[in-house]
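Trainee: Please show me the model, and then let us work through its sheet and one loop residue.

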Amino acid sequence: MGFFNSKQEIAADISGIQLPEHIGIIMDGNGRWAKKRGLPRTAGHKAGAEVFRKIARYCSDIGIRHLTMYAFSTENWSRPQQEVDTLMRYFKDYLEEALRDFADNTIALRFIGDISRFSPELQELMIKNQTLSAVHEGMILNLAMNYGGRAELVHAFKEMSRKIASGELSEDDIDEKLISEYLYTKGQPDPDLIIRPSGEHRTSNFLLWQSAYSEYYIDDVLWPDYTPEHLNKALVEFSKRSRRFGGV
């Protein structure tokens, strides 16, 4: 099966509802899914990777313009080395598949986070994927890799501090709009909807600045069991919410 091959069958009728322009997904529950089945955690990550492919393609098919998926956080390096090594192998496989499949695909792949900690081989694959898919005019898929919301803000503030020191910026230039221009998601709208499978009620350091006015949707299903039907339910719920952005 290719990285993003073949259209997914629409799981339910969502025609006519207001779709979010940008969705963020915290892919959570791979380890618990495997434990419930007496399998190693790596089996959960493998199953979760297949769901990632399916959901990413489905979002593209239904017209979502921006999708950000939390793949590997700055905290995930503290997991057992064997698990981290397995995840790195999976990432390599996915990126190699993406290079083959993106030739006739509309998805533009971007990476947000500090990718310098990954192996040179992985970094090269990330850069190639991002460069080759940049011309695509379809959905922008942000993969958050070695990403943390706090680390992103530290990076942004350091970049602004350097420019203030060099005279390129002044303190008076700093406002919310400028800070957004120094984030990894520069040029993209903030997420309208953030979905967290697995039933956990935490942000987990995901898009801290960008999610200030995002709608959250918590689903009890573990990520490897997540389907387009679950996503549709979140989309229908989102369409019913009144977003006031602090107003009345």
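What follows is a short exchange on strand order, helix packing and one loop position.

Mentor: This is a predicted model, in which local features need pLDDT of at least 70, side-chain atom pairs count only at pLDDT 80 or more, and totals for chains, interfaces and linings use all residues. Residues are numbered from 1 along each chain as its sequence is written, and side-chain values use heavy atoms, with hydrogens and water left out.

Trainee: In what order do the six strands form the open sheet?

Mentor: Strands here are DSSP runs (E, at least two residues; helices are H or I, at least four), numbered from the N terminus, and two of them pair if DSSP finds at least two bridges between them. The pairing is parallel, and the order is 3-4-2-1-5-6.

Trainee: Which are the edge strands?

Mentor: An edge strand of this sheet pairs on one side only. That holds for strand 3 (108–112) and strand 6 (215–218).

Trainee: Which residue in strand 5 stands opposite isoleucine 25?

Mentor: Strand 1 (residues 22–26) and strand 5 (residues 193–196) pair in the parallel sense over three bridges. Opposite isoleucine 25 stands isoleucine 195.

Trainee: Which strands does helix 4 touch?

Mentor: Contact means heavy atoms within 4.5 Å. Helix 4 (residues 120–133) packs on the sheet, and the strands it touches are strand 3 and strand 4.

Trainee: Is asparagine 205 buried or exposed?

Mentor: Asparagine 205 lies in the loop between strand 5 and strand 6, where its contacts include Tyr70, Tyr147 and Arg150. Buried means under 20% relative accessible area, exposed over 50% and partly exposed in between (1.4 Å probe, protein chains only). Because its relative accessible area is 13%, asparagine 205 is buried.

Note on methods
Axes are lines fitted to C-alpha atoms, for helices over the stretch in contact, and angles run from 0 to 180 degrees between N-to-C directions. Lists of a residue's contacts leave out its neighbours within four places in sequence.
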